[in-house]
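Let's take a walk through a protein fold together. Have a look at the picture below, and then we will go through it piece by piece.

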Amino acid sequence: MTQTFQNTAVLVTGGASGIGRAIALAFAAAGAKTVVADQNAEGAAETVSQIEASGGQGISVVVDITDANAIADLVKTAAHAFGRLDVAVNNAGVLGTPAPLHDTDNAMFDQVLSVNLRGLFLCMKYEIHQMLKQGGGSIVNVASLAGLVGFSGFAPYAASKHAVLGLTKTAALEYAKSNIRVNAVCPSIIETPMTAASHIPPQLVEKYLNAHPMRRAGRPEEVASAVLWLASDGASFVNGTALTVDGGAFAQ
């Protein structure tokens, strides 16, 4: 089923590349007015250029999602630009450097939790403020298969993504009567610049891919399709779920 988001205002964090860019482009192609937020100014602007080249409408905003004031301003900018905020996709995140837990750098742990958890919390907080004022909305958090199972070598990342699902489910309960749905997607290994730059040993990548029943990495567009469905009216009775996009890995 084709999802339509005509006259819908959408905010995507981490929209400069990879999954975030695919999500922003998919919403724009479906008619949404899209705010692309990222710390990477050049990448965010390129995503908007691609949106405009396809006849869509979008703006880019440079933001540090660990800064509460910056996030408050981001949501205000999105709502001012397009009149409201119908959908928010909290995708920005970092993977961290692989290491067994006992060798994990303390500062790296703090950075991963600051971006993946505190940053997402701040985004949700101010997005929900806006959605309460306007009478509803839909939030989709990009978690990970590592939010449902362990992820050997990436303890901070797995911890942060488990926590993201806790925030997702709690917010879904708290705001269900306010016409705000909150869901998450849980991708496994996806072909993105972040994955390519993660310094995961090739043998470990091969191990994880071989564990996929479909024996391949996912594509960003496949995650975007799931996000659009969760945000759409077609998922109007779906709330608090964690939808796996993992080639069947979690089914094992």
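In what order do the seven strands form the sheet? Keep in mind as you look that this is a predicted model. Following the sheet across, you meet the strands in the order S3-S2-S1-S4-S5-S6-S7, and together they form an open sheet with parallel pairing. At the edges sit strand S3 (57–62) and strand S7 (242–245), each of which pairs on one side only. From one strand to the next, the twist averages 20°.

What holds such strands together? Strands of a sheet pair through backbone hydrogen bonds, and the pairing can be parallel or antiparallel. For an example here, find strand S5 (residues 137–142) and strand S6 (residues 180–187), which pair in the parallel sense over six bridges. Within this pair, Val140 has Asn183 in S6 as its bridge partner.

Now turn to the helices. Helix H2 (residues 41–53) lies across strand S2 (33–38) and S3, and it runs at about 180° to S3. Helix H3 (residues 68–82) lies across strand S1 (9–13) as well as S2 and S3, running at about 160° to S3.

H3 also has a helix partner. Its axis and that of helix H4 (residues 106–134) come within 9 Å and cross at roughly 35°, and this crossing is right-handed. Which residues meet there? From H3 come Ala68, Ile71, Ala72, Val75 and Ala79, while H4 brings Leu122, Cys123, Tyr126, Glu127 and Gln130. Sorted by class, the residues in this contact are eight nonpolar, one polar and one charged.

Terms used
Residues are numbered from 1 along each chain as its sequence is written. This is a predicted model: local features need pLDDT of at least 70, side-chain atom pairs count only at pLDDT 80 or more; totals for chains, interfaces and linings use all residues. Side-chain values use heavy atoms; hydrogens and water are left out. Two strands pair if DSSP finds at least two bridges between them. Helices (H or I, at least four residues) and strands (E, at least two) are DSSP runs, numbered from the N terminus. Axes are lines fitted to C-alpha atoms, for helices over the stretch in contact, and angles run from 0 to 180 degrees between N-to-C directions. Contact means heavy atoms within 4.5 Å. A crossing is left-handed if the near helix is turned anticlockwise from the far one by less than a right angle, and right-handed if clockwise. Ala, Val, Leu, Ile, Met, Phe, Trp, Tyr, Cys and Pro count as nonpolar, Asp, Glu, Lys and Arg as charged, and the others, Gly among them, as polar.
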